[in-house]
Amino acid sequence: MSIRNIITEPNKLLRQISKSVDGVGKEEQKLMDDMLETMYAANGIGLAAIQVGVPKRIIVMDISKNENKKEPRYFVNPVIKNKDPLNATYEEGCLSVPDQFAEIDRPSKCEVEYLDYDGNKKFLKAEGLLATCIQHEMDHLEGILFIDYLSKLKRSMIIKKLSKLKSSSAEA
Ligand code: ZN
């Protein structure tokens, strides 16, 4: 396993639509291993492949927040089958939008069909943080970031801040 570089906004790659994979093979498993290690190292709870520059419909997640009892989840080619009409609000952040947080409304429950780490077809009914996290990560596959749900003003302020951060770290 190796830690990969996480791409941060603003970056056109993050706006790319990811492609489905034909199945889960050694290459996809290696990618998922790397993504999981990268996510843990960055203290994140979810990561989409595009965030490490790979435009494949692959997501890793662990919402357990427990060092001693890790609960990794893998979603390959995930498709949302059903969304609850009722919304829930969570404060969201994103490893590609460092140090920025905002309250976002999303359907409180969702049902998702996907392939797991071994390529088996799975179906999951998610609610709470898990439902929010799945929807946040699936947005990445469409090139959507959580800041896109904010007002134009708020979003441009955040992007300005991140651009500044990038140019100052490039000078260092
Ligand atoms: Zn994210």
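P10 is found in the segment before α1, and the peptide bond that leads into P10 from E9 is cis, with omega near -5°. The model is a predicted one, in which local features need pLDDT of at least 70 and side-chain atom pairs count only at pLDDT 80 or more, whereas totals for chains, interfaces and linings use all residues. Residues are numbered from 1 along each chain as its sequence is written, and side-chain values use heavy atoms, with hydrogens and water left out. Helices (H or I, at least four residues) and strands (E, at least two) are DSSP runs, numbered from the N terminus.

After the segment that holds P10, the chain enters helix α1, which covers residues 26-41. Helix α1 has 16 residues and reaches 22 Å from its first C-alpha to its last, close to the 22 Å expected at 1.5 Å a residue, where the expected span is 1.5 Å times one less than the number of residues. Buried is used here for a relative accessible area under 20% and exposed for one over 50%, with partly exposed in between (1.4 Å probe, protein chains only). By that rule E28, Q29, L31, M32, D34, M35, L36, T38 and M39 of α1 are buried, and what covers the buried residues of this helix includes β1, β2 and β3.

T38 gives a more detailed view of how α1 sits in its surroundings. At 2% relative accessibility, T38 counts as buried, and its side chain reaches the backbone nitrogen of R4 at 2.9 Å, a polar contact being a pair of N or O atoms within 3.5 Å (within protein, one must be able to donate a hydrogen and the other to accept it, and residues adjacent in sequence count only if both atoms are side-chain atoms). With contact taken as heavy atoms within 4.5 Å, and not counting residues up to four places away in sequence, T38 touches S2, I3, R4, I6, L47 and V52. Just after α1, N43 takes a positive phi of about 60°; N43 lies in the loop between α1 and β1, and with a relative accessibility of 68% it counts as exposed.

The strands come next. An open sheet of 5 strands has the order β1-β2-β3-β6-β7, with antiparallel pairing, and two strands are said to pair if DSSP finds at least two bridges between them. At the edges stand β1 (46-48) and β7 (121-127), each with a single partner strand, so one side of each is left without a neighbour in the sheet. From one strand to the next the twist averages 40°; axes are lines fitted to C-alpha atoms, for helices over the stretch in contact, and angles run from 0 to 180 degrees between N-to-C directions. Within the sheet, β2 (residues 58-61) and β3 (residues 73-83) pair in the antiparallel sense over 4 bridges, and the bridge partner of V60 in β3 is Y74. Strand β3 also holds N77, whose phi is near 50°, a positive value in a residue other than glycine; N77 is buried, with a relative accessible area of 17%.

Both helices are placed against these strands. Helix α1 lies across β1, β2 and β3, running at about 40° to β2, while α2 packs on the sheet, touching β1, β2, β3, β6 (109-115) and β7, in a direction that makes about 120° with that of β7. For the 14 residues of α2 (residues 128-141), a rise of 1.5 Å a residue should give a span of 20 Å, and the end C-alpha atoms are 21 Å apart, which agrees. Because 12 of the 14 residues of α2 are buried, this helix is largely enclosed by the rest of the structure; H136 and H140 are among those buried residues. The helix is followed by G143, whose phi is positive, near 80°.

The two histidines lead to the zinc ion, whose protein donors are C94 (SG), H136 (NE2) and H140 (NE2), lying 2.0 to 2.2 Å from it. Donors are N, O and S atoms within 2.8 Å of the metal (3.2 Å for Na, K and Ca), and water is not among the atoms, so sites may look incomplete. Along the chain, the donors of the zinc ion follow the spacing C-x41-H-x3-H. C94 lies in strand β4 (residues 87-94) and H136 in helix α2, so the pair ties together parts that are 42 residues apart in sequence. C94 counts as buried at 11% relative accessibility, and H136 counts as buried at 6%.
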